[in-house]
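Open the model in your viewer and keep the sequence panel visible. The tour goes from one selection to the next and says what is found at each stop.

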Amino acid sequence: MSVILVTGSSTGIGQETALHMARKGHDVYAAVRSPDTATELKEKIAAENLPVTVIRLDLVDPTSVKSAVAEIMQRSGRIDALVNNAGIGGGRAVEETPLEEAREIFETNYFGNVSVLREVTPIMRQQKSGRIVTVGSLAGRVVMGCHAHYSASKWAMEGLSEALAQEMAEFNVKVSIIEPGCVLTPIWGKGSLPTEPSPYQSSLQRLGRFFEFGLRRPAMPTDVAGAIEHAIESDKPHFRYPVGPDAEETIAARAKVSDDEWMQANCLQGDAFYDRWKELVGVDYYRD
């Protein structure tokens with residue numbers, strides 16, 4: 001049995017991962033910003049009598065992060081696995097994104113995760129064991145117009161994870177990053193693409209169409225939880241785990257061509273882009 005901390009556990013991927021790992025017999029700490037409002041999570045824990053403790057952890061509050069990790073150590077004396085899952089979305093053109101919005105995305109998706117890592121890595125280093133799993137995104141490997149700051153925050157976590165894996169290797173701590181495409185979670189009901197007039201309407205429509213197609217055949221939170229389980233339990237975990245048909249297809253297509261060829265394809269407009277996308281990916285996301 002491992003002691004596992006999962007951030008962003010109130011809904012979606014985080015909730016499913018916390019429940020899934022508890023069903024496997026692990027001692028799980030499900031971190032949420034507001035335990036008082038995590039009703040659904042608590043009901044599911046109670047219904048199955050799972051070994052899950054709900055704790056408060058707000059990524060953008062370093063004091064909260066420190067207190068949450070200290071509570072786990074007081075209760076359990078160790079942390080065997082960290083699942084850095086919490087994050088926020090965002091999508092609009094670079095020109096049209098207020099600087100405070102870009103900062104908010106990075107404050108949560110990058111600096112918030114770094115705050116958790118700064119508390120957990122010393123514990124694992126001293127234990128000389130552990131698993132660190134970050135829930136990244138397909139957007140951390142493949143970028144689209146009007147998705148720049150979210151994608152940049154996920155690319156940042158890709159780079160951080162590569163460095164962290166090397167730093168922690170001598171302490172027997174393994175690092176993995178999960179790269180889901182479209183996953184059917186409540187996040188899709190929390191926001192939408194901008195609807196006000198924009199000179200970047202073509203890129204916005206392309207991004208929206210990608211999401212629409214992805215949600216016709218989405219990955220499920222259980223799929224992501226399964227990948228996280230492998231990253232935690234396997235003797236030989238992968239470093240990267242693409243999850244979902246869109247993630248697998250798009251990452252494979254990106255690997256077929258050079259940087260210049262990929263960018264040339266994605267800068268095409270209209271039918272020329274659709275034709276080239278189908279040629280590279282093998283599936284017509286935009287006209288089917």
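Select Ala148, which sits in helix α5. Ala148 is partly exposed, because its relative accessible area of 25% falls between the 20% limit for buried and the 50% limit for exposed. Keep Ala148 selected and add Gly90: these two residues are 58 apart in sequence, and their C-alpha atoms are 8.7 Å apart in space. The model is a predicted one, and the values on this tour are computed from it.

**Two residues with positive phi**

Go to Cys146, in the loop between β5 and α5 (148-168). Is Cys146 buried or exposed? With 7% relative accessibility, Cys146 counts as buried. Its backbone is worth a look: phi of Cys146 is near 65 degrees, a positive value in a residue other than glycine. Most residues other than glycine have a negative phi.

Now select Asn49, in the loop that joins α2 to β3 (52-56). Asn49 is another residue other than glycine with a positive phi, here near 50 degrees. At 69% relative accessibility, Asn49 counts as exposed.

**A buried asparagine**

Select Asn113, part of helix α4 (residues 99-127). Its relative accessibility is 2%, so Asn113 counts as buried. Which residues does Asn113 touch, leaving aside those up to four places away in sequence? They are Leu59, Asn84, Ala86, Thr108 and Met157.

**Helix α1 and its two partners**

Two packed helices are described by the angle between their axes and the distance between the axes. Show helix α1 (residues 12-23) together with helix α2 (residues 39-48): they pack at an angle of about 15 degrees, and their axes are 11 Å apart. That angle makes α1 roughly parallel to α2, since angles under 35 degrees count as such. The crossing of these two helices is right-handed. To see the contact, select Gln15, Leu19 and Arg23 on α1, then Glu40, Leu41, Lys44, Ile45 and Glu48 on α2. Coloured by class, the contact of α1 with α2 shows 3 nonpolar, 1 polar and 4 charged residues.

Keep α1 on screen and replace α2 with α7. Here the angle is about 55 degrees and the axes are 9 Å apart. The angle makes α1 oblique to α7, and α1 passes α7 in a right-handed crossing. On the α1 side, select Gly12, Ile13, Glu16, Thr17, His20 and Met21. The residues they meet in α7 include Pro221, Val224, Ile228 and Ile232. By class, the contact of α1 with α7 has 7 nonpolar, 5 polar and 3 charged residues.

**The nonpolar cores**

Next, select Ile4, Val28, Ile178, Ile228 and Ile232. These have the most contacts inside the largest nonpolar core, which has 29 residues. Several elements each supply at least two residues of this core, among them β1 (3-6), α1, β2 (27-32), α2 and α7 (221-233).

Take Val28 alone. Not counting residues up to four places away in sequence, Val28 touches Ile4, Val6, Ala18, Met21, Ala22, Pro51, Val52 and Thr53. Apart from the largest core lies another, of 28 residues; to find it, select Ala31, Ile79, Ala86 and Leu117, which are among its members. Ala86 was met earlier on the tour, as one of the residues that Asn113 touches.

Note on methods:
Residues numbered from 1 in each chain as written. Predicted model: local features only at pLDDT ≥ 70, side-chain atom pairs only at ≥ 80, totals over all residues. Heavy atoms only, no water. Axes fitted to C-alpha atoms, helices over the stretch in contact; angles between N-to-C directions. Helix = DSSP H or I, 4+ residues; strand = E, 2+ residues; numbered from the N terminus. Parallel < 35°, antiparallel > 145°, perpendicular 65-115°, else oblique. Left-handed = near helix turned anticlockwise from the far one by under 90°. Contact = heavy atoms within 4.5 Å. Nonpolar A, V, L, I, M, F, W, Y, C, P; charged D, E, K, R; others polar. Core = buried A, V, L, I, M, F, W, Y, C linked by side-chain atoms within 4.5 Å. Buried < 20%, exposed > 50% of the residue type's maximum accessible area, 1.4 Å probe, protein only.
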